[in-house]
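Below are some notes on the model, offered for comparison with the coordinates. They begin with one helix and its surroundings and then widen to the whole chain.

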Amino acid sequence: MAAAMALVGCDNAAAPSESPSPQRFIYVEPPKPVATLVPEGMSQWIDTLAELNREIAEVEQKFSTVSTLHRETSFDELLQIDLQTLSNDQLCYVWHFADKGYFTVEREIMLNILEERSIRESASTSSASNIAERAQRLAERYRSHLSELRLAIDLYEKTQTQQFTIPNILDAEQLEVLRGMVDEKLSEAKTECVALDARIADLRAKLGD
């Protein structure tokens, strides 16, 4: 009887499940590429932009050279200096700076740049619609940057074209006359700076700077 039950138990045992079939790699083709139309003359614009970049690097180097004195000297502070504390040589230098426009040149540069930007913004109309037009706009910005750098260089160089001499010996009376001349020059420079600052502020307001 026990043997029969054992046999029955064996007959009722669940059959082993079949192992799943291995997954096969199925290659799926990628989507077909969408054709991109490169506008005619695009390669020329790329060459133009590269050339403008090289030119900008050269002009920026020259700009750095001619603007060294202004980066290292606070001319606005010199406008407020007590002339009674200056020696003969120092008075001559301040006279030279005032006479040649060192106190106003950076304001003149900024004013000219803002005026040019105002003209360009007035002439600017539609936005670029494709890559070639965007390249053209970028080239225009590069040329504008070059124009501003060259303008600044020209004005900086104008202040540096003339040399001046310093009298070796001045008596007390001559020194006082020189001090009065320097004071007058500085007063003129201060007045001009105020006028330039007002014009710059007006242009910046119009441009939204």
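**Notes on the helices and the chain**

1. The buried residues of helix 5 are covered by elements that include helix 3 (68-72), helix 4 (75-78), helix 7 (131-159) and helix 8 (172-207). This is a predicted model, and the remarks here should be read in that light.

2. The residues of helix 5 that count as buried are Asn88, Leu91, Cys92, Val94, His96, Phe97 and Ala98. The helix itself, residues 88-99, has twelve residues and spans 16 Å from its first C-alpha to its last, close to the 16 Å expected at 1.5 Å a residue. After helix 5 comes Gly101, which has a positive phi, near 85°.

3. Helix 2 covers residues 42-66, and its 25 residues reach 36 Å between the first C-alpha and the last, which is close to the expected 36 Å. Met42, Leu49, Leu52, Ile56, Val59 and Val66 are its buried residues, and they pack against helix 3 and helix 7. In general, an α-helix has 3.6 residues a turn, so residues three or four places apart point the same way.

4. For the protein as a whole, the secondary structure comprises eight helices and zero strands, with the elements running α-α-α-α-α-α-α-α from the N terminus on. Among contacts with a separation of 6 or more, 91% are between residues 24 or more positions apart.

5. On burial and surface, 26% of the 209 residues count as buried, while the protein exposes about 15,200 Å², of which carbon and sulfur atoms supply 54%.

Key. Residues numbered from 1 in each chain as written. Predicted model: local features only at pLDDT ≥ 70, side-chain atom pairs only at ≥ 80, totals over all residues. Heavy atoms only, no water. Helix = DSSP H or I, 4+ residues; strand = E, 2+ residues; numbered from the N terminus. Buried < 20%, exposed > 50% of the residue type's maximum accessible area, 1.4 Å probe, protein only. Contact = heavy atoms within 4.5 Å. Areas by Shrake-Rupley, 256 points an atom, 1.4 Å probe, with all protein chains shown as cover. Expected span 1.5 Å × (residues − 1).
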